[in-house]
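Q: I'd like a close look at one part of this model, please. Pick a stretch of the surface, then follow the thread inward.

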Amino acid sequence: MSIIVPMLDEAAQLPALCAHLMRFARAGAEVLLVDGGSRDGSAAIARAAGLRVLDSTPSRACQMNVGAHASTGEALLFLHADTRLPDGALLALLQALQGRAWGRFDVRIEGTSRMLPVVAMMMNLRSRLSGIATGDQALFMTRAAFYAVGGFPKQPLMEDIDICRALKRRLGRPACLRLHARTSGRRWETRGVWRTIALMWWLRWRHFCGAPVEQLARTYR
């Protein structure tokens, strides 16, 4: 089992993240953090905590591909730096991969807005119905599945959506685990919950219609 975490300037939350990841390292998982050129000492903090850090160009897709190619596990879990796995995650994941080639967890969004539980519920429902997940839901897959679709597409946005589409098309629907990964609601709360919902739906619609992902990435930023 390999856990791959792309990071960029995450020094503020790295102590908590490293403590979380060390639990899984002690349980036998391989943990790889892939740094995209942090300027706040993130790589040094992670190495000082005893975790392996790889260097990459600053792109989440590229960073996750670098981690996957350097890993040794037959099962790969891609975890965002602001997401935490639930208790029992590795066992549930490995059991799921006995019947499916890939999958994801349900998500719980942490924050102060009362809308965040509703957003999470809709994300989980949409994913369960569509068979498409987002990176916040802690995507996992077999190594064979990763290579079968050529890894994450080298693009600045929607790389999680597009790898899910490729996995679904080639290998079938995902395992949708009801265990909840916890992710930060800072993106929604900083930009406004309703504004972020509208923006993400608009970006997905434009992506579906064939808009260049580079253009969508500029809008997102």
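A: First, a patch joins residues with over 30% relative accessible area and no salt bridge (like charges within 9 Å, nonpolar side chains of Val, Leu, Ile, Met, Phe, Trp or Tyr within 5 Å). A salt bridge puts a side-chain nitrogen of Lys or Arg within 4 Å of a carboxyl oxygen of Asp or Glu, and areas are Shrake-Rupley values with a 1.4 Å probe, with only the protein chains shown as cover.

This is a predicted model, so local features need pLDDT of at least 70 and side-chain atom pairs 80 or more, while totals for chains, interfaces and linings use all residues. Numbering starts from 1 along each chain as its sequence is written, and side-chain values use heavy atoms, without hydrogens or water.

Now the patch itself. V118, M121, M122, L125 and L129 make up a nonpolar patch on the surface, adding up to about 490 Å² of accessible area. L129 sits in helix α5, residues 116-130 (helices are DSSP H or I runs of at least four residues and strands E runs of at least two, numbered from the N terminus). With a relative accessible area of 63%, L129 is exposed (exposed is over 50%, buried under 20%, partly exposed in between).

Helix α5 also carries R128, and that's our way in. R128 counts as partly exposed, at 23% relative accessibility. R128 forms a salt bridge with D106, with 3.2 Å between the closest N and O atoms. That link joins distant parts of the chain, 22 residues apart: R128 belongs to α5, D106 to strand β6. D106 is buried, at 5% relative accessibility. D106 also meets R104 in a salt bridge at 2.6 Å, N to O, and R104 is buried too. So D106 has salt bridges with R104 and with R128.

Keep going along β6 and you get to E110. The side chains of E110 and R182 meet at 3.3 Å, N to O, in another salt bridge. E110 is in β6 and R182 in β8, so this pair ties together parts 72 residues apart in sequence. Both ends are partly exposed: E110 has a relative accessible area of 38%, and R182 has 30%. Elsewhere, E10, D82 and R186 are linked in a salt-bridge network. The structure holds 9 salt bridges in total.

What does β6 belong to? An open, mixed sheet of 8 strands, ordered β3-β2-β1-β4-β7-β6-β8-β5. At its edges are β3 (52-55) and β5 (83-84), each with a single partner strand, so one side of each has no neighbour in the sheet. Strand β6 (residues 102-110) runs antiparallel to β7 (residues 140-142), joined by 2 bridges, and two bridges is also the least that DSSP must find for strands to pair. G103 has F140 of β7 as its bridge partner.

Just before β7 there's an odd one: A138, in the loop between α5 and β7. Its phi is near 55°, positive although A138 isn't a glycine. A138 is buried, with a relative accessible area of 0%.

For contrast, look at A145 in helix α6. A145 is buried at 1% relative accessibility, and its C-alpha lies 27 Å from that of M121, 24 residues away in sequence. Setting aside neighbours within four places, A145 touches A101, L167 and L171 (contact is heavy atoms within 4.5 Å).

How values were computed. Buried < 20%, exposed > 50% of the residue type's maximum accessible area, 1.4 Å probe, protein only.
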